[in-house]
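Reader: I have a model open and want to know what the terms rest on. Can you take me through them?

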Amino acid sequence: MVQDRPFGRIGGREVTEFTLANANGAEVRAVNYGGIITSITTPDRQGRLADIVLGFSALDEYIAGHPYFGAIIGRYANRIARGRMAIDGRIYQLPVNAGGHHLHGGRSGFDRAIWGVERLDSKGIVLTHVSGDGDQGYPGALQVRVTYRLTDTNELIVEYEAHTDRATHVNLTQHSYFNLAGEGGNVLAHQLHIDADAYTAVDAELIPTGEIAAVEGTRFDFRTAKPIGGAYDHNWVVNHYDGALRTVARVFEPLSGRMLSVATTEPGVQFYTGSFLDGTLIGKSGRPYVQHAGFCLETQHFPDTPNHANFPTTLLRPGERYHSRTMFAFGVSR
Ligand code: GLA
């Protein structure tokens, strides 16, 4: 087993970097600060290994602030308009941390929590976190488990589970930024396919209007693979949602031949192209992370669901089990 290593300390607590490795040379590293995936190493079509996610080599750089590189996002991925939500007729005001709205669980979301860790074996870990009643304004104590498992066929399986003791809204995701050519450079020439006929239309502040808009005839139509080409920060309504795992997106990087396919049990995927990166953050290999240095495929329920009765619900009640699964499959093609 590859040695786990100390990754630094925060508030007197040790953070460890865990390495999941298989016999093909693929490797995933993750730390128990924010559940952050710090690196994913996979072979290209010549068998050459490269790290294909953005991140840093030291804990201090993550603590200093970053746009959610590799982190687990919770209690609620993406935005809740003006931080307001109602549950059973009672209004909750969540703190606003992004232009007047609540983003990614608030200022101190799950991406900044120190998670408990259980080692499963050389290819798996379970991260655990308890978000107390009232944490970031949300009702109910939420017990969360996230499992990272690397398979022998180069798939990373992320499984989420949660239970609450009072009704609350939950929407968990993984915020890795991929660059299949190897981190550094931009991803605009990557070819993307998304199996979605529609996306959730948003206003100028990226808040859903409630409209489920057809991609037909728009730049949001990735039903036939095409180069990423520009900026996106939107939620696609993926086809065939019934809670079973199915492939929703595929990305191909022509030079390396690397492919990523994303399968999920979730109804949506936020496709974000790192538009806010501006070259000021320097990555683990010493290169600046310029605009579009990575893309995220954040499998999720739709943004701002608590305020839209026509979206699949994110409400979790006591006695129910939140369960969600996403699989990132890494491969190559000619
Ligand atoms: C999500 C949001 C974006 C941005 C990024 C991280 O994708 O939708 O607006 O916040 O996370 O910066």
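Author: Start with strands: DSSP runs of E with at least two residues, numbered from the N terminus. Strand β21 covers residues 233-238 and gives three residues to the lining of the largest cavity, the most of any element. The model is predicted: local features need pLDDT of at least 70, side-chain atom pairs count only at pLDDT 80 or more, and totals for chains, interfaces and linings use all residues. Residues are numbered from 1 along each chain as its sequence is written, and side-chain values use heavy atoms, without hydrogens and water.

Reader: What makes a space a cavity?

Author: On a 1 Å grid over the protein atoms alone, a 1.4 Å probe must fit but be unable to get out; lining residues have an atom within 4 Å of a point. One cavity reaches 30 Å³ or more. The largest holds about 40 Å³, a volume being the space filled by probe spheres set on the points, joined across faces, edges and corners. Its lining includes Asn78, Arg79, Asp233 and Gln270.

Reader: Why is the pair between arginine 79 and the ligand called a polar contact?

Author: A polar contact is a pair of N or O atoms within 3.5 Å. A polar side-chain atom of arginine 79 lies 2.8 Å from a ligand oxygen, so the pair qualifies. For glutamine 270 the distance is 3.4 Å, so that pair qualifies too.

Reader: Which residues are closest to the ligand?

Author: Asn78, Arg79, His104, His175 and Asp233, out of 13 that surround the ligand. Such a residue has a heavy atom within 4 Å of the molecule.

Terms used: A polar contact is a pair of N or O atoms within 3.5 Å; within protein, one must be able to donate a hydrogen and the other to accept it, and residues adjacent in sequence count only if both atoms are side-chain atoms. On a 1 Å grid over the protein atoms alone, a cavity is a set of points where a 1.4 Å probe fits but cannot get out, and a pocket is an open set with protein on both sides within 12 Å along at least five of seven lines; lining residues have an atom within 4 Å of a point. Helices (H or I, at least four residues) and strands (E, at least two) are DSSP runs, numbered from the N terminus.
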